[in-house]
Amino acid sequence: MNILITGGAGFIGSHVVRLFVNKYPSYRIVNLDKLTYAGNLANLRDIEDRPNYSFVRADIADIDAVRRVMADHDIDAIIHLAAESHVDRSIKDPFTFARTNVMGTLSLLQAARERWEASPTGYEGKLFYHISTDEVYGALPLTHPEGTPSPFTTAASSATHHQAYGTEFFTETTRYTPHSPYSASKASSDHFVRAYHDTYGLPVIVTNCSNNYGPYQFPEKLIPLFINNIRHGRPLPVYGRGDNVRDWLYVEDHARAIDLIFHRGTPAETYNIGGFNEWKNIDLIRVIIRTVDRLLGNPEGHSDRLITYVTDRKGHDMRYAIDSRKLQSELGWEPSLQFEEGIEKTVRWYLDNPEWLDSVTSGDYLRYYDEMYTRR
Ligand code: NAD
Ligand code: DAU
């Protein structure tokens with residue numbers, strides 16, 4: 001099987017590429033990535049020389065480039081992760097999000113449809129797997145601001161803090177109500193994916209996952225940004241009162257879910273992915289501070305002084321909480337890492353890889369790759 005993975009040089013994409021290249025030596029994995037500020041080939045250094053891996057620098061919104069890659073590599077399946085992914089950037093520059101997330105997804109869908117419809121076996125054995133987010137469902141109310149014992153659990157739920165902050169959860173049938181330009185662009189791309197199934201019969205799967213954390217996440221997102229700022233003694237900007245709630249899943253558990261759904265999921269279905277692991281931002285921030293201080297040998301509470309409350313994000317969604325029981329019961333997915341282990345592993349990884357953090361924050365790697373690959 002020849003699989004095109006888009007956005008494979010980014011955070012989640014690099015974990016998916018690594019998993020597939022290592023686990024399936026008989027598949028040919030083609031990583032298509034534009035290498036924006038968020039894409040970094042150093043994320044894949046350990047597998048870049050494997051015979052079943054290749055990289056193409058291209059823009060998903062460039063349909064001719066996508067058509068060429070589909071033909072050159074005789075692509076059977078697409079796992080589509082390439083996107084502009086940061087909410088704050090979408091508030092400043094919504095057009096880039098519409099271009100990549102909406103037009104880019106549409107280009108991929110059209111190129112896949114043209115190629116597969118023209119093949120002698122048609123859509124047989126083909127799949128367009130679209131990676132989406134829980135943010136398309138909008139925001140849940142914070143009906144239990146102090147938290148209440150969560151009614152659901154997985155192996156990823158925290159051992160010491162297993163709270164829910166409301167009675168509602170996002171299910172696969174929750175109505176789409178995106179609020180940010182980012183989530184509106186992801187919702188639009190999800191609609192196009194389903195429209196290509198309903199109109200042309202393209203075999204598609206959509207999954208909607210909660211917040212991921214782990215190694216190789218660009219340090220503009222909460223967890224790596226705060227680890228890096230603590231490392232440098234810089235302020236930790238907490239939006240609003242810090243009482244927004246997110247549901248955190250270790251990135252390798254997301255990649256394992258993608259592997260399972262890619263192989264065993266039912267075309268035209270949607271699966272929610274999440275570990276029932278809700279945290280209020282300020283509580284999570286205190287866990288990060290405690291862990292970083294401990295691993296750096298600082299006295300307990302040393303970095304608390306860095307907490308700085310700042311103006312809230314515009315349109316800041318209050319609470320996300322994924323109900324992943326369909327995936328658990330239908331496909332037997334279980335995350336492998338409990339939150340305490342995941343956060344320890346994550347903090348250790350960033351502290352052990354200061355050169356990665358320094359290079360992605362300095363922009364050195366972008367200059368290097370711009371010299372290596374000329375932009376189309
Ligand atoms: P990321 O920003 O770390 O990586 C995105 C990758 O896409 C980068 O390598 C970038 O170079 C590439 N890219 C961007 N624009 C491109 C274009 N026009 N053409 C080709 N490549 C392009 O993102 P991430 O956090 O790894 O997210 C990956 C996917 O998973 C996204 O679709 C995102 O919406 C979704 N998702 C993310 C999370 C999360 O918590 N990070 C949760 C659920 C779903
Ligand atoms: O829910 C899935 C989504 O999770 C993905 O689709 C997105 O691609 C991903 O970026 C993430 O979105 P969030 O907006 O939830 O993640 P972020 O790390 O930006 O912020 C997490 C929470 O922390 C959110 O409530 C905003 C808050 N925050 C964030 C930053 C960067 C702060 O308080 N201070 C900060 O500096």
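A backbone N or O atom of Ile-60 lies 3.0 Å from a nitrogen atom of ligand 1, a polar contact being a pair of N or O atoms within 3.5 Å (within protein, one must be able to donate a hydrogen and the other to accept it, and residues adjacent in sequence count only if both atoms are side-chain atoms). The model is predicted, with local features requiring pLDDT of at least 70 and side-chain atom pairs pLDDT 80 or more, while totals for chains, interfaces and linings use all residues. Residues are numbered from 1 along each chain as its sequence is written, chains are lettered from A and ligands numbered from 1 in the order in which they are written, and side-chain values use heavy atoms, without hydrogens and water.

Ligand 1 has further polar partners. An oxygen atom of this ligand is 2.8 Å from a backbone N or O atom of Ile-12, and an N or O atom in the side chain of Thr-100 lies 3.2 Å from a nitrogen atom of ligand 1. Taken alone, ligand 1 exposes 830 Å², of which the protein buries 97%; such areas come from the Shrake-Rupley method with a 1.4 Å probe, and for residues only the protein chains shown count as cover. Two or more residues of the surrounding shell come from each of α1 (11–23), β5 (127–133), α5 (181–200) and β9 (211–213), where helices (H or I, at least four residues) and strands (E, at least two) are DSSP runs numbered from the N terminus. The largest share, three residues, belongs to β5. In total, 28 residues surround ligand 1, and Ile-12, Asp-33, Ser-85, Tyr-182 and Lys-186 are the closest; a residue counts as near if one of its heavy atoms lies within 4 Å of the molecule or strand concerned.

Tyr-182 also belongs to the surroundings of ligand 2: of the 23 residues there, Thr-133, Asp-134, Tyr-182, Pro-237 and Arg-313 come nearest. Oxygen atoms of ligand 2 lie 2.8 Å from a polar side-chain atom of Glu-135 and 2.7 Å from a polar side-chain atom of Asn-211. A polar backbone atom of Ser-85 is 2.7 Å from an oxygen atom of ligand 2. Of the 680 Å² that ligand 2 exposes when taken alone, the protein buries 94%. At least two residues of its shell are supplied by each of α6 (222–232) and β10 (236–239).

The strand β5 leads to an open sheet of seven strands, ordered β3-β2-β1-β4-β5-β8-β12 with parallel pairing; two strands pair if DSSP finds at least two bridges between them. Since β3 (53–57) and β12 (270–273) stand at the edges with a single partner strand each, one side of each is left without a neighbour in the sheet. The twist averages 20° from one strand to the next. Strand β2 (residues 28–33) is joined to β3 over five bridges, and Leu-32 has Val-56 in β3 as its bridge partner. Helix α4 (residues 94–117) packs on this sheet, touching β1 (2–6), β4 (77–80) and β5, and its direction makes about 165° with that of β5; contact means heavy atoms within 4.5 Å, and angles run from 0 to 180 degrees between N-to-C directions of axes fitted to C-alpha atoms, for helices over the stretch in contact.

The strand β9 belongs to an open sheet of three strands, β9-β11-β13, with mixed pairing. Strands β9 and β11 (residues 245–250) pair in the parallel sense over three bridges, and Tyr-213 has Tyr-250 as its bridge partner in β11. Helix α10 (residues 339–352) packs on the sheet by touching β9, β11 and β13, its direction making about 55° with that of β9.
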